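Please open the model in your viewer, with selection by chain and residue number ready to hand. The tour below goes from one selection to the next and says what is found at each stop.

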Amino acid sequence: MSSSGTSAAKAALIGQLSANKIPARGPHWRGEQVVDMEGVASPSAPTSVEEERRAQPKASALQGMGIKKAYRKGKTPVPVLHDVSIDIREGEFVSIIGQSGSGKSTLLHVLGTLDSPDAGEVRLGGKRIDNLSARRRDALRNRHFGMIFQFYHLLPELTTLENVLAPVMISEGMFAYRIKRRKYVEQAKAILDRVGLSHRLKHKPRELSGGEMQRAAIARALVTNPRVLLADEPTGNLDRKTGDEIMSLLVSLNETQALSIVMVTHDGVIAERAHRAMRLTDGRMKAA
Amino acid sequence: MYKFLLCWRYLRTRYIALASIVSVTLGVATLIVVNAVMAGFTGEMHDRIKGVNSDLTLDARGLNGFKNPEWHMARVNELVGDRIESMSPVVYVPAILNYRVSGQWITQQVTVVGIDAATQASSSKFSEYLQHPANRDKFSFNLHDGGYDRRDRTGGDEAPVRVGMEMAGWELRRERARIEKQWQQFEQEAQNQAAEEARNRPLTQAELAKIQQQVDQAPTELEPLLELARENEFNREFALAVGLYQKALAVSDGAAAIYNELGMCLARQEKHEEAIAALRTAANMETGNIAFVNDLAGVLVLAGEHVEAWEWLSSSQSTGIAHSNMAFFLRSAGEGLLAQEHLEKAKAAGLLIQDDEFDFGPENPGDSAVPFQDPFARDRQRGGGRVFDAEVDQHTGCVLGMALVSFRPPKKSDDSAGEEHFMVLPGDDVRLTFPNAATPPDIINDTFTVVDFYESKMHEFDKEFIFVPIKKLQDLRGMIEPETGERFVNSIQIRLKNPDEADLVRDKLREAFEPQLYQVGTWRDKQGALLAAVNMETVILNILLFLIIAVAGFGILAIFFMIVVEKTKDIGILKSLGAHANGVMGIFLAYGLSLGIVGAGVGLIAGLLFVTYINEIADWLGRITGKPVFDPQVYYFYEIPAHVDPFTVAWIVLGAMFIAVAASVFPALRAARLKPVEALRYE
C-alpha cells in the first residue's frame, strides 16, 4: 500500500465522507449520495486514517463461513472449495492469491451470489444471503455488489456510457428510468470522469483499449454505489503499467469511498497492494 | 429498460435475424393479398347470385305451384310484414329453347322464369343486368328500336365488341323478316321449278326397268291393282301409276272406267295427247257416260282443243249445262274471257248461276295445273283477320341469359381482345317448349321474341334462365283454375329491408307454411354448395399460407438459438449485474415480438400496396411475361376485384406476430436458464 504525503485537511474531508456515507447506505441505490469526488482523486491516503481503521475493528461487510463447493464431472464430484471461511470488513481491501484452478474465482462467485455453496453460509452485513430467492439475490447483486472481471465483460452492443448505466437500467423500471434518466446520466458521467474515461462516452467497447475497458467495467461496478466490489483478476489481461493504474484506481476507491474490495489474483505483487492478502491453495484458505 | 435497449441494439446489429422474417413478411403480404382477392371474388359472386335470387324465396315443392299468390303474400305480410321490402310472384318451369342459326335448329335446356315486369325489378337486381339502357331504367317485355349496349358496360373500351348488338332491336327484326320473306319466295319458286323439271324429265332406263319390275310384282286381281294404282297416283308416282293402270287394263280386258282413270292420271302429268287418247277411248266406249265426257272435255280444253271439247259436251248434254261446263273448264285453263262468254250463254239457256260460282278455290279439279296457291290469299284480298307479320309484329317478349346464345372465340394470336358473337340477338324469335300443368303434362310450344339479354356474369345463371311475362306463361301452361280464374305460381320472391335478417324471416315462414308443400330458403341456402366450396377454398388457402408463416417461425427459432449461444456471455454479464431470469427472457421475447412487428408490418404495407395496385401489377406482369395474368375473357371481370377486410388483416398480422413470439419462447427460456457462472467462465 503506497502512501505519500499527509494532509490534515484531506483526512478530515475523507473522514467526513466516510461518516456521511457508510451509515447512509440503504438497501436501495441512491444516486443522490454520490458526491463530487474532485480533489480526492489522489491515490494517497493519510496513514493516520488507515491506522485508525485498522486499530478499530469495523463491522463485517461480507462473510463466507465454511464454504464448500464441488462441481460434478459426470458422476464424480470434483471438489473445488474445502471449508473456506473469509471475513471482509467494511472498507477493507482483501486480496486472494491462488494458482489457476485453485478455486479462487469460484469463491468469488459464491461470495457474489452468482453461485451457491454446497455447504456453508455467505453473509452480507451479518445477514445470510446465499439462501435467498433467486429474485432477491439478483436484486442484491444489483444493488450491493460491484463486479469486475479479467475480461472486462462489457456488453459489446452498448456504448461506454450505456454499459455503465446498465445496472441502473436493470434495477429501475422503464418509466422510472425514463423519468430520472438525466440524473442517472449525469452520475454515470461523473463516475466515468472519476475513472478517467470522460472522453470515451460514446465509444463501443471494441473501440477501447484494455485499460479503458477495465476502467469502464469499474465505473459500471460503482454506478449503483455498492457495498462490496468483487474483482476477478482485474489486471490479468493488462500489461504491468496499465495494471498498476487499475490497481491504483482500486486502492484510491477503497480509500476515498471506504469501499470493501475483494480481489482475486494469481499475482503476488498485485495482491500486496491490498490491506490483507490471503492464499487459496487447493480449495483451502491460508493467510498469505 | 435494458431489455428494450438491448433488443433494439440486437435488432440493429443482427440483420440475419431480419432475413429470417422475410418469410413472415411474404406470408403476411400473400395472406392479405389472397384474402383480399378471395373476398373480392366472393363479394362479386354474392352480388351476382343476388342479382337473380332475392333475399328469400317461398317455393312450391311441385312444378305446378300453389294457387292464389295474393293470399300467400298477404299471409307473409301478416307474419313478417314489417321486415319486408317487396315481394314478387314467379313461375319456374324447365324448358327447351329452340332457335335457328344458319338453317340449323339448336336446342338447349333452360329454365323459363315467368316474372312480372313491374315488380321483378324491385325484388332483385334483375333490371341492372339488362343490356338496353331503357330496360335498366324501366323494364318492359317490348322490343326496343335499337340502342343496345355494344360492349360490356362494366368493361369500358377494354371489353370486347359485341357483334351485331349495334343493329339489335326492331331494325334487325325488320331486316330478318324481309330476308325471310324473300327466302320463302325464292324457295317456293325453286320448289315449283324443281317439280316442273321432275315432271318433264324423261325417265332413265334404270327407272323404267324398276317401274316395270314393280308393275310385274303388282297383284293380278283387278281391285287391289287399281287400289295400288290410285295410291301411287295420289303420291304423284305417275309413271308407276300409269304402268299399273295399263296392267289393270290388260287384266280387265279394257274397261272404260279404267281408260278414264288412266287418262286423268296422264292429264295430271300434263301428257295431254296420251290423256286425250285414253279418255276418248273411254268416252267412245260409253257414250252416254257424262262423267267420262266431261273429263275428256276438260283435258281437251287444257290442251287447247276447244272445238272438239265443245262437240263432245254439246253432243252429250243440254245446251245450258254444256255452256256452264265449258265455262268451268275454260276458267280452269285460265281463259277467263271465253269462260265468261259461255257463262252468259248458259244463263241465256235458262241456267241459274250464282255470282261467285266460278270463284275457284284450290280444291277445284283444275288444281293439278296450279301447284301452289296461298291458302289465305282470299282472306287477305277481302281484308279479313289480321295476319302476323314479323316486320311489324313481335311475339311475346322474353329475356335470354346472355351465355345461352353468345360465344367468345379464343384469343387471337396477337392477343387483342376477341369479339363476342351472338347466335340470337334482340329482335330474333326463339321457340320455347315446356310441359303444361296438366297431369300427365302435355308439351306446349310457343314462339317468343327476344327483347333483351340478361348478364349477371354468374355463368350458371346466364346460361340457365329465360324470363318471360308471368301471365303469358300461366296462360300457356294452364296455371289458372278454370272455375275461379285464380292463378298459380311456383315461388314468391321476397326482398327484405335488412338482408341480414334473412335467416330469421326464413325460420318464421318455415313455421307458418307446411314443409310438405312449401320450401322456404334464403339465397345462401340455395347456393349452399357453391358458397361452401368457395369458403373451403379460402380456408385451405389460409391454412397453407399460415403454414408458410409457421415455417418462418422455425427459421426464427433456429436463428434465435444461435443468437442466444452467441450472446451467452452477455447473458452472464447481465445476470452478474443483477438482471433477473425473466428480464433476460424478456429481451429475447421482445426481440421476437419486434421481428414479428417488423415482419408483419412490412408485410402489411406490402400486401396493402399490392392490393391497391393489383390491376397495374397484373398488367405489368402480363407485359413482362407476355401472357395476361388476369384474362377478363375468362373471369368476366375487367378489374381484379379486391376487398380488404380490416378484421381479417388484423387477424393475419396478430397471427404472424404471435408465431414470431412463440418461436422466440424456447430460445428465450434457454437464455433465462443459463447459469451466469457457466456463461462467464470461458472466454
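Begin in chain A of this predicted model by selecting residues 160–171, helix α5, together with residues 174–194, helix α6, whose axes come within 10 Å of each other and cross at roughly 125 degrees. Because angles of 65 to 115 degrees count as roughly perpendicular and those over 145 as roughly antiparallel, this crossing makes α5(A) oblique to α6(A). The crossing in which α5(A) passes α6(A) is right-handed.

With both helices still selected, show the side chains where they meet: A:T160, A:L161, A:V164, A:L165, A:V168 and A:M169 come from α5(A), and they face A:Y177, A:Y184, A:V185, A:A188, A:I191 and A:L192 of α6(A) in the contact. Sorted by class, this contact of α5(A) with α6(A) consists of 11 nonpolar residues and one polar residue, with no charged residues.

The next stops concern the backbone. Most residues other than glycine have a negative phi, and most peptide bonds are trans.

Stay in chain A and select A:T113, which you will find in the loop between α3 (104–111) and β4 (119–124). This threonine, although not a glycine, has a positive phi of about 60 degrees. Is A:T113 buried or exposed? A:T113 has 24 other C-beta atoms within 10 Å, and since 20 or more are needed to count as buried, A:T113 is buried.

Then move to A:D282, in the loop between β9 (276–281) and β10 (284–287) of chain A. Here too phi is positive in a residue other than glycine, with a value near 45 degrees. A:D282 has 13 other C-beta atoms within 10 Å, and is therefore partly exposed.

Now change to chain B and select B:P440, in the loop that runs between β8 (429–435) and β9 (443–454). If you display the backbone leading into this proline, the peptide bond from B:T439 to B:P440 is cis, with omega near -10 degrees.

For the final stop, remain in chain B and select B:Q527, which is located in the loop between α22 (523–526) and α23 (528–566). Because B:Q527 has 21 C-beta neighbours inside 10 Å, this glutamine counts as buried. Add B:H46 to the selection and draw a distance between the two C-alpha atoms: B:Q527 and B:H46 are 481 residues apart along the chain, and the separation of their C-alpha atoms in the model is 9.6 Å.

Key: Residues numbered from 1 in each chain as written. Chains lettered and ligands numbered in written order. Predicted model: local features only at pLDDT ≥ 70, side-chain atom pairs only at ≥ 80, totals over all residues. Helix = DSSP H or I, 4+ residues; strand = E, 2+ residues; numbered from the N terminus. Buried ≥ 20, exposed ≤ 12 C-beta atoms within 10 Å, placed from the backbone. Axes fitted to C-alpha atoms, helices over the stretch in contact; angles between N-to-C directions. Parallel < 35°, antiparallel > 145°, perpendicular 65-115°, else oblique. Left-handed = near helix turned anticlockwise from the far one by under 90°. Contact = placed C-beta atoms within 7 Å. Nonpolar A, V, L, I, M, F, W, Y, C, P; charged D, E, K, R; others polar.
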